[in-house]
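Take a moment to turn the model around before reading on. The paragraphs below walk through it piece by piece.

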Amino acid sequence: MPRLGIVGSGLIGGSFIRALAAGTDYELLAFDRRAETSELIRSACPNVVTMQLPAALTRRPETDSNANFTDLDAEAETLRRQHPAFWEAVSSCDIIIFCTPIDLIPHQVRLVSRLSTALMSDVGSTKHDLCSELEGLRFMGGHPMAGSERQGFECSRADMFQNAPYVLCPPPTDRYHGPLEADLNSLRSMAQSLGASPYVIDPETHDRIVASVSHLPHVAAAALVNTVGECGGLALDLSAGGFRDITRIASSDPGLWAEICLSSAPALLPALDAYAGHVERFRDAVETNDYESLYALFQAGRTTRDGLPLAGNGALLTASGLTVYVEDTPGSVAAITVLLAEAGISIRNVSLRNARQYEGGQLRIFVTDSIEQQKSLNILRSKGYDCE
Ligand code: NAP
């Protein structure tokens, strides 16, 4: 039974803990800097061993003058002497996952590598720089592609990674200190235990894709809210559902996203330039009163958007969807989901479109496969629902 250490039980680390503590064989150890977090973990998941993270592993390279970032051997020796229980705990782990802010991870991994031979990985949102910095160690970059704008163990969820892609970035064999294939398989199987789907991708490709589909939208959402915010409070008061939908992620943690954007700069800058180019095309078309171009730009966006598998959740590529036309009345959505639940149909995701603006709304329901899809349609039609 593998022993898995989690360093930093926030939103992502906490979700690892909740997902793996229930119903898997992993023995879990949680290393956290704050006693309050350890307490929360113990009350939510009593089978998890918790331990305080020594101060040497909480320091930031740029800002902490007490950190000894050059003589890691000396720092590791001090850690062994002053924190023998921590040394013993990390030495006993088979895998250690670092779920801390991305700028802390290189130092933490280097230092813990001097105390433990465990396979190490992380969850950071950018991979190229981190993977290059940690070449030569038994470290393999990882990125579970799920999350939210919330923070901390309190907001973590056992189902966070269900059906989400989990990217793994193995280095070339000659730049890895360990059994590469076996380690890749261990991380693959951990990702599957979380309910995620592992993908093996090189760090550059990962960063290019993630800059476009994740980091650019965070910048765009913040820029849009800032633009509307400058119009004054009345504009915000009058903003409707559409504005709220597309700006939800502007409520994310500013510190975390500032770090992520800086660490993703080489991939984010070309994505921002491409985006600015698209905004410019809209601007030109409006300025020149060019209906045809505007139509083509909106049409291109709509075609691509409509082709997305379930509102951008690439994880649910295999799910089958159905659309139910619902009235805007209290309980109408609940009635439909209850009907399907009573028939034992597992709903993988739901979304509501066009609610209120037009005639009622379209409830999009995703179920496991085409057989469940047909069964759902039959049940709903037999109850008089208009669905396809
Ligand atoms: P979070 O909820 O704020 O958790 C951060 C964790 O790091 C907490 O346990 C925090 O401890 C700890 N931490 C912060 N500063 C520390 C320090 N100086 N020393 C030691 N521990 C420290 O954030 P998160 O969303 O889980 O993000 C963690 C990682 O996940 C980041 O690398 C991020 O790139 C990656 N990620 C995030 C998302 C997302 O959607 N949020 C998605 C995928 C990957 P305290 O509780 O004591 O503050």
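In which helix is Ala 267 found? Ala 267 sits in helix 12, which runs over residues 265–287; helices here are DSSP runs of H or I with at least four residues, strands are DSSP runs of E with at least two, and both are numbered from the N terminus. Before going further, note that this is a predicted model, where local features need pLDDT of at least 70, side-chain atom pairs count only at pLDDT 80 or more, and totals for chains, interfaces and linings use all residues. Residues are numbered from 1 along each chain as its sequence is written, and side-chain values use heavy atoms, with hydrogens and water left out.

Back to Ala 267. With a relative accessibility of 18%, Ala 267 counts as buried, since buried means under 20% relative accessible area, exposed means over 50%, and partly exposed is in between (1.4 Å probe, protein chains only). Setting aside residues up to four places away in sequence, Ala 267 touches Asp 207, Arg 208 and Ala 211; a contact here means heavy atoms within 4.5 Å. For a sense of distance, Ala 267 and Ile 365 are 98 residues apart in sequence, and their C-alpha atoms are 34 Å apart in space.

Now for the inside of the protein. The largest nonpolar core has 35 residues, where a nonpolar core is a set of buried Ala, Val, Leu, Ile, Met, Phe, Trp, Tyr and Cys residues joined through side-chain atoms within 4.5 Å. Leu 4, Phe 16, Ile 97, Tyr 166 and Met 190 have the most contacts inside this core. At least two residues each come from strand 1 (3–7), helix 1, strand 2 (27–32), strand 4 (95–98), strand 7 (165–169) and helix 7 (180–193). Helix 1 gives the most, with 7 residues. To see how one member fits in, look at Met 190: leaving out residues up to four places away in sequence, Met 190 touches Leu 4, Phe 16, Leu 20, Tyr 26, Ile 97 and Tyr 166. Apart from this core lies another one, of 26 residues, with Leu 53, Ala 89, Phe 98 and Ala 118 among them.

Next comes a polar side chain. Asp 122 belongs to strand 5, residues 119–122, and is buried, with a relative accessible area of 0%. What does the side chain of Asp 122 reach at 2.9 Å? That would be the backbone nitrogen of Gly 124, and the same side chain also reaches the backbone nitrogen of Gly 142, at 3.1 Å. Both are polar contacts, meaning a pair of N or O atoms within 3.5 Å; within protein, one must be able to donate a hydrogen and the other to accept it, and residues adjacent in sequence count only if both atoms are side-chain atoms. Beyond its neighbours within four places in sequence, Asp 122 is in contact with several residues, including Ile 97, Phe 98, Lys 127, Gly 142 and Tyr 166.

Then there's the ligand. How many residues surround the ligand? There are 29, and the closest are Leu 11, Arg 33, Arg 34, Thr 100 and Gly 152; a residue is counted if one of its heavy atoms lies within 4 Å of the ligand. A backbone N or O atom of Gly 152 is 2.7 Å from an oxygen atom of the ligand, while an N or O atom in the side chain of Arg 34 is 2.8 Å from a ligand oxygen atom. Ser 9 joins in too, with a backbone N or O atom 3.2 Å from an oxygen atom of the ligand. The protein covers 90% of the 890 Å² of accessible area that the ligand has on its own, with areas from the Shrake-Rupley method and a 1.4 Å probe; for residues, only the protein chains shown count as cover. Helix 1 (11–21), strand 6 (139–144) and helix 11 (254–263) are the elements that give two or more residues to this shell.

Thr 37, in helix 2 (residues 35–44), is buried at 9% relative accessibility. Thr 37 touches Ser 9, Asp 32 and Phe 153, not counting residues up to four places away in sequence.

Finally, a look at the backbone. Most residues other than glycine have a negative phi. Asn 289, in the loop between helix 12 and helix 13 (291–306), has a positive phi of about 55° and is exposed, with a relative accessible area of 70%.
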